[in-house]
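Hello,

Here is the structure I promised to pass on to you. Please have a look at it first, and then read on for my notes.

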Amino acid sequence: MKVAIFGQYYQNDTRPIIKDIFVFFNRNNVEMVIEEKFLKILYEEKIVEKQYNTFSSHSDLDKSFDILISIGGDGTILRAATFVRDIGIPILGVNAGRLGFLANVQKENIELFLKIILEKKYSISERTLLSMECFPNCEEIDINFAMNEISVSRKETTSMITIETFLNDEYLNSYWADGLIISTPTGSTGYSLSCGGPILTPDVKGLVITPIAPHNLNARPLVIPDDIEIKLKVSGREAQYLVSLDSRITSVNNNSELKIKKTPFKINMVEIPEESFFKTLRNKLLWGEDKRN
């Protein structure tokens, strides 16, 4: 088996997790290729000593890899996805952060779940991605896809912006708000949820349009089919506004037009039977904890 490893180092909290993973894979003769910057930190912190091959970009990975292990939180997985892109390598998230819906393997059960990975007794959950085109003359975005959401928001102003929204060229609404979120099912448990959007299960073929602090209280989140092309035209008092693709942010000129649609490829997330999406919801959102029911 050949495994790529990418991660974030959170001081002492992450150290035992990393050690357990490396010890297990070395004991089972698994070939490990480590992201270059992450491995440098591991050497500096004296967590590993053995020499490993490294990768530093998307072009360094290919279909010879069986899986990519992401050590950190959900944000780490979003960054890991920028290495995988359209190659199709499955991603397993080991949770070393706080609230994780994607990184659902907990540190207490690492060895058990790594055995499942070694024996390939897992399933794959395909995750929808979004891409964006901008007209005219917008800054070029190096990695033009989002696994969680694409959002537009005001920049350097306290004034709201107006977001004219079209679905397959049919006018939907002009949102007067702090911004607008276009979320995938994966991202429905993230920024969109915090702004009052609904939770979608990962296999739902839909997207969520969620306004951010809208002026009109009747502007509610909307679920649409994922094969619809969304067009946004943003205007406001400032010369520019912000566009975010997951954690990657760029500035866009006022009255520019954005076209958002589903990408032709998906990200494969590893699903382990003992850590289902619904179990994660119960654990993270404390469903069923109210003993009055």
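**What turned up, starting with the sheets**

Five strands make up an open, antiparallel sheet, in the order E7-E17-E14-E9-E10. Its edges are strand E7 (130-135) and strand E10 (170-177), each of which pairs on one side only. From one strand to the next, the twist averages 20°. Please keep in mind throughout that this is a predicted model.

If you would like to look at one pairing in this sheet, try strand E9 (residues 161-167) with E10: the two run antiparallel and are joined by seven bridges. There you will find Ile 163 opposite Tyr 175 of E10.

There is also an open sheet of six strands, again with antiparallel pairing, in the order E13-E12-E11-E8-E15-E16. Here the edge strands are strand E13 (222-225) and strand E16 (248-253), and each has a pairing on one side only. Neighbouring strands are turned by 20° against each other on average, if direction is ignored. Within this sheet, strand E11 (residues 179-183) and strand E12 (residues 206-212) run antiparallel and share five bridges. Ile 181 has Thr 210 as its bridge partner in E12.

**A serine in a loop**

Between E16 and strand E17 (257-262) there is a loop that holds Ser 256. Is Ser 256 buried or exposed? Its relative accessible area is 3%, so it counts as buried. A polar atom of the Ser 256 side chain lies 2.8 Å from the backbone oxygen of Asn 253. Not counting residues up to four places away in sequence, Ser 256 touches Cys 134, Phe 135, Pro 136, Cys 138, Leu 232, Lys 233, Val 234 and Tyr 241.

**The nonpolar cores**

In soluble globular proteins, nonpolar side chains tend to be buried together. The largest nonpolar core in this model has 33 residues, and the members that touch the most others are Ile 5, Ile 21, Phe 22, Phe 25, Ile 69 and Ile 71. Two or more residues each come from strand E1 (2-7), helix H1 (11-27), strand E2 (31-35), helix H2 (36-44), strand E4 (67-72), strand E5 (91-95) and helix H4 (110-118). H1 gives the largest share, six residues.

Ile 5 is a good place to centre your view. Leaving aside neighbours within four places in sequence, Ile 5 is in contact with Ile 21, Phe 22, Phe 25, Met 32, Val 33, Ile 34, Glu 35, Phe 38, Phe 55, Ile 69 and Ile 71. A second core, separate from this one, has 26 residues, including Met 132, Leu 180, Val 234 and Val 243.

**Covered elements: E5 and H3**

How many residues of E5 are buried? Five of its five are. Both faces are covered, with Ile 91, Gly 93 and Asn 95 on one side and Leu 92 and Val 94 on the other. E5 runs parallel to E4, and five bridges join the two. One bridge to find there is that of Ile 69, whose partner in E5 is Leu 92.

Helix H3 (residues 74-84) is mostly covered too, with nine of its eleven residues buried. Those nine are Asp 74, Thr 76, Ile 77, Leu 78, Ala 80, Ala 81, Thr 82, Phe 83 and Val 84. After H3 comes Arg 85, which has a positive phi, near 50°.

**Aromatic rings**

The model has seven aromatic pairs. In one of them, the ring centres of Phe 24 and Phe 25 are 5.7 Å apart and the planes meet at 65°, so this pair is edge-to-face. Phe 24 and Phe 25 are both buried.

Phe 55 and Phe 83 form an edge-to-face pair as well, at 5.3 Å centre to centre and with 85° between the planes. Because Phe 55 lies in strand E3 (residues 53-55) and Phe 83 in helix H3, this pair ties together parts that are 28 residues apart in sequence. Phe 55 is buried, with a relative accessible area of 1%; Phe 83 also counts as buried, at 11% relative accessibility. Phe 6, Phe 55 and Phe 83 together form one aromatic cluster.

Enjoy exploring, and best wishes!

Technical notes: Residues are numbered from 1 along each chain as its sequence is written. This is a predicted model: local features need pLDDT of at least 70, side-chain atom pairs count only at pLDDT 80 or more; totals for chains, interfaces and linings use all residues. Side-chain values use heavy atoms; hydrogens and water are left out. A nonpolar core is a set of buried Ala, Val, Leu, Ile, Met, Phe, Trp, Tyr and Cys residues joined through side-chain atoms within 4.5 Å. Buried means under 20% relative accessible area, exposed over 50%, partly exposed in between (1.4 Å probe, protein chains only). Helices (H or I, at least four residues) and strands (E, at least two) are DSSP runs, numbered from the N terminus. Contact means heavy atoms within 4.5 Å. Two strands pair if DSSP finds at least two bridges between them. Axes are lines fitted to C-alpha atoms, for helices over the stretch in contact, and angles run from 0 to 180 degrees between N-to-C directions. A polar contact is a pair of N or O atoms within 3.5 Å; within protein, one must be able to donate a hydrogen and the other to accept it, and residues adjacent in sequence count only if both atoms are side-chain atoms. Rings of Phe, Tyr and Trp (its six-membered ring) pair if their centres lie within 6.5 Å; planes under 30 degrees apart count as stacked, over 60 as edge-to-face and the rest as tilted.
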